[in-house]
Amino acid sequence: MKTIGLIGGMSWESSIEYYKLINELVKEKLGGVHSCKCIMHSVDFGEIEKLQHKGDWGKLTEIMVDIAKKLEESGADCIVICTNTMHKMAEDIEKEVKIPLIHIADSVGENIIKLNLKKVALLGTKFTMEQDFYKERIRKKFGIEVIIPNETDKNIIHKVIYEELVKGQFKDESRQEYIRIINELVKDGAAGIILGCTEIPLLISENDVEIPIFDTTKLHSESAVKYALEK
C-alpha cells in the first residue's frame, strides 16, 4: 500500500470525513482490520481564511508548496489536497514535488462522464465558482459545461460555507436555501450538481435533490485509495 499525503485543516470538519472515508474504503477493499497508510499536515484554517479573503494567493501558494514538500520528505507517495478551493495552486505544487497530486476536479469529471452528463452546476466558495482553475479543467479535460449560480446566490453559498459549515454548524434553513439554489440551476439546464466545497456534503445529500450530486469529498477519497492500492 502506498502512503497518502493529506493536506488538511481546510476545514478540519471535512478533513475528518476524508480520514474516515479513506480508511473505510481501504477496509472495504482489503478486509479484516486494514486501514490506510497516510500522513496528514493540518493547517490553522484561521490563517488560511484570512489570506484567501485578502486575495493573497501568492502567500497561500508558498504555504501549500511547503506543506507538499514536507509530506514528500516524510514518505508520502502522493498528495491529496483536502479542499476544492486550494486546488487553485495544484499546478504550482505539481511543479515542486516529484510525487503525483491527485486532483479533485479529475475525480469529479471522471464520474460525471460515467453518467454521460454534458452540463452540470458547481457550488462552492466564490473563489472556486468564479475563478477558472476548477471549471476550466473540467471543461477542457472532460468536455463538460459548468454553470454557476447568480451573484446573489453565490454570496449565500459562500457565506454559509465560511460562517456555518466550517464551524460545524448545519442549519435546516441553510439546507433549504441550497436546495432552492440547486432547483434554480436545474431550471438553467444543469443535469447534475458538483458539491464543490468539501463541507457542502455535510449539509446536502442525494436525498435532498432529484438529480445526481457529485460529493467531491467522497469521490476524491475514492481516487486516493485507488492510487494507494494500485500495484
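Trainee: Where is A191 found in this predicted model?
Mentor: The model in front of us is predicted, and its residue A191 does not belong to a helix or strand but to a loop. Helix α9 covers residues 172-187 and strand β6 covers residues 193-195, and A191 is found in the loop between α9 and β6.

Trainee: Is A191 buried, partly exposed or exposed?
Mentor: A residue is called buried under 20% relative accessible area and exposed over 50%, with partly exposed in between. The relative accessibility of A191 is 29%, so A191 counts as partly exposed.

Trainee: Which residues does A191 touch, if those up to four places away in sequence are not counted?
Mentor: A191 sits in the loop between α9 and β6, and its contacts reach other parts of the chain. With residues up to four places away in sequence left out, the residues that A191 touches are L117, K119, V120, I211 and P212.

Trainee: How far apart in space are A191 and N84, C-alpha to C-alpha?
Mentor: In sequence, A191 and N84 are 107 residues apart. In space, taken from C-alpha to C-alpha, the distance between A191 and N84 is 21 Å.

Trainee: What is the order of the strands in the open sheet of four strands?
Mentor: The pairing in this sheet is parallel, and the edge strands, each of which pairs on one side only, are β5 (145-147) and β7 (213-215). Neighbouring strands are turned by 30° against each other on average, direction ignored. Read across the sheet, the order is β5-β4-β6-β7.

Trainee: Which residue is the bridge partner of L122 in β6?
Mentor: Strand β4, residues 119-123, runs parallel to β6, and three bridges join the two. Within this pairing, the bridge partner of L122 is I194.

Trainee: What angle does the direction of helix α5 make with that of β7?
Mentor: Helix α5, residues 104-114, packs on the four-stranded sheet and touches β4, β6 and β7. Helix α10 also packs on this sheet, touching β6 and β7, and its direction makes about 55° with that of β7. For α5, the angle with the direction of β7 is about 150°.

Trainee: How many of the 11 residues of α5 are buried?
Mentor: The buried residues of α5 are I104, A105, D106, S107, V108, G109, N111 and I112. They pack against α1, β4, α7 (132-142), β6, β7 and α10. The helix α5 is thus mostly covered, and the number of its 11 residues that are buried is eight.

Trainee: Which strands are the edge strands of the open sheet of three strands?
Mentor: This sheet has parallel pairing and the order β2-β1-β3. An edge strand pairs on one side only, and in this sheet the strands that do so are β2 and β3 (78-81).

Trainee: What is the handedness of the β-α-β crossover from β1 to β2?
Mentor: Strand β1, residues 4-8, and strand β2, residues 38-42, pair in the parallel sense over five bridges, with G8 opposite S42 and G5 opposite I39. Between these strands the chain passes through helix α1, residues 12-30, and the crossover is right-handed.

Trainee: How does helix α10 run with respect to β3, and at what angle?
Mentor: Helix α10 comprises residues 216-229 and lies across β1 and β3. Its angle to β3 is about 170°.

Trainee: Why is C38 in no disulfide with C36?
Mentor: The structure holds zero disulfides, and a disulfide would need two cysteine sulfur atoms within 2.5 Å. C36 is buried, with a relative accessible area of 11%, whereas C38 is partly exposed at 26%. The sulfur of C38 is too far from the closest cysteine sulfur, in C36, for a bond, because the distance is 3.6 Å.

Trainee: Which residues have the most contacts inside the largest nonpolar core?
Mentor: This core has 79 residues, and its largest share, seven residues, comes from helix α3 (residues 57-73). Y178 touches L123, I157, V160, I161, L165, I200, L203 and I204, not counting residues up to four places away in sequence. The residues with the most contacts inside the core are L123, Y178 and I193.

Notes:
Residues numbered from 1 in each chain as written. Predicted model: local features only at pLDDT ≥ 70, side-chain atom pairs only at ≥ 80, totals over all residues. Heavy atoms only, no water. Pairing = 2+ DSSP bridges. Right-handed = clockwise from strand over helix to strand, strands pointing away. Core = buried A, V, L, I, M, F, W, Y, C linked by side-chain atoms within 4.5 Å. Buried < 20%, exposed > 50% of the residue type's maximum accessible area, 1.4 Å probe, protein only. Contact = heavy atoms within 4.5 Å. Axes fitted to C-alpha atoms, helices over the stretch in contact; angles between N-to-C directions.
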